[in-house]
Amino acid sequence: LSVSPSKNVWKCFVCDAKGSVFDFVWKIEKCSFIDAVKKVAEISNYDISNISFFKKNNSEQFTPKQKRILLANERLGKFFHDQLLLLKANAHALNYLKSRGLDEEVIKKFKIGYAVNDKNRTIDFLTNKNNALLNLTPEQQFNEQELLDAGIATVNSKGEILPLLIDRITFPIYDANNNLVAFSGRDLSGKADNKYLHTKATEVFDKSKILYNFNRVNFTNNDDTLIICEGFMDCIAYNRAGYTNCVATMGTQITQNHVYLLKSLKFVKTIILSFDNDNAGTIANINNAKFLIDNGYNVTIANYQDF
């Protein structure tokens, strides 16, 4: 290995790899390029907030309104998670997940929760109605407008403020910087029009810019492959099977914004598309494969018919 301090580059004459200090760190650590930059900054005692990218993504750069949305999401995420694991009245939700092969370790890892079958409890908890929860700071209490701004509440035809998610398994959705920006809920009643319901678009959430589980992707070996599937449960199933470098879209289309995220994983060369084995999934696989190939990736499509 040859290092040139004057040129700030290195080259390995065994494998022909070369690049900057950031390239070296992400190749050795098998982390994302963003994490490599953070690691180099930490080692060199450099203030990372001086870099425009991190200014844009640093939580301190969020507006006061955006911070309130994130805070409401964090508090609601813990509420959902506790409702699932701690209350016997919600055992049916926990039993459903166990029937799908998810044990408590997996549930805790992905912070899965349950939105109770009650149109008032969630709103009352977040607004601290009638001061039911003692010792809450003002920052821990939200008004109804803030809940509407966060996309976690909605207004019905009677003008009532209701939680968006009722009687649903909840999946918290994080951005690349590990901020909880939204939720998706899987219906348990069997009566809902939509099996899955996502938080509405907000100032911190746009599903065309988010890949589920992207915040947990961490390459620890020489693999250069990432799996992209269609749903949360599929992504979790891959993780349970040991394929931890898997993300999921919220829909069937991979967007240019998704590609921007993928490009931050500079070592990823091959993408396995694993969308549903139906007509819509097949079309999505083909269209997304063409799009990713145009963006420089090798693409493989999982064929469930082989199993």
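**Stop 1: the whole chain.** Colour the protein by secondary structure. Eleven helices and 13 strands should appear. The radius of gyration is 22 Å, close to the 19 Å that the globule rule gives for 307 residues, so the protein is as compact as a globular protein of that length. Keep in mind that this is a predicted model.

Now turn the C-alpha trace along its principal axes. The trace spans about 70 × 50 × 35 Å.

**Stop 2: surface and interior.** Switch on the surface. The protein exposes about 16600 Å². Carbon and sulfur atoms supply 50% of that area. What share of the 307 residues is buried? Buried residues make up 44%.

Next, think about contacts. Take those with a sequence separation of 6 or more. Residues 24 or more positions apart account for 60% of them.

**Stop 3: the charges.** Select the charged side chains. There are 37 positive and 33 negative charges in the protein. How far apart are their mean positions? The two mean positions are 1 Å apart.

**Stop 4: the cysteines.** Select C246 and show its side chain. Is C246 buried or exposed? It counts as buried, because its relative accessibility is 0%, and the cut-off for buried is under 20%.

Add C229 to the selection. Its sulfur is the closest cysteine sulfur to that of C246. Why is there no bond between C246 and C229? The two sulfurs are 3.7 Å apart, which is too far for a bond; a disulfide needs them within 2.5 Å. A disulfide is a covalent bond between the sulfur atoms of two cysteines. A search of the whole structure finds zero disulfides.

Move to C12. At 15% relative accessibility, C12 also counts as buried.

**Stop 5: I43.** Select residues 33-43. This is helix α2, and I43 is found in it. I43 is exposed, with a relative accessible area of 70%. Now pick L261 and draw a line between the two C-alpha atoms. I43 and L261 are 218 residues apart in sequence. In space, their C-alpha atoms are 25 Å apart.

**Stop 6: K88.** Find helix α4 (64-86) and helix α5 (91-99). Where does K88 lie? K88 lies in the loop between these two helices. Is K88 buried or exposed? K88 is exposed, with a relative accessible area of 81%.

Finish by adding K266. K88 and K266 are 178 residues apart along the chain. Their C-alpha atoms are separated by 46 Å.

Note on methods:
Residues numbered from 1 in each chain as written. Predicted model: local features only at pLDDT ≥ 70, side-chain atom pairs only at ≥ 80, totals over all residues. Heavy atoms only, no water. Buried < 20%, exposed > 50% of the residue type's maximum accessible area, 1.4 Å probe, protein only. Helix = DSSP H or I, 4+ residues; strand = E, 2+ residues; numbered from the N terminus. Rg over C-alpha atoms; globule rule 2.2 N^0.38 Å. Contact = heavy atoms within 4.5 Å. Areas by Shrake-Rupley, 256 points an atom, 1.4 Å probe, with all protein chains shown as cover. Lys, Arg positive; Asp, Glu negative; His and termini not counted. Charge placed at Lys NZ, Arg CZ, Asp CG, Glu CD.
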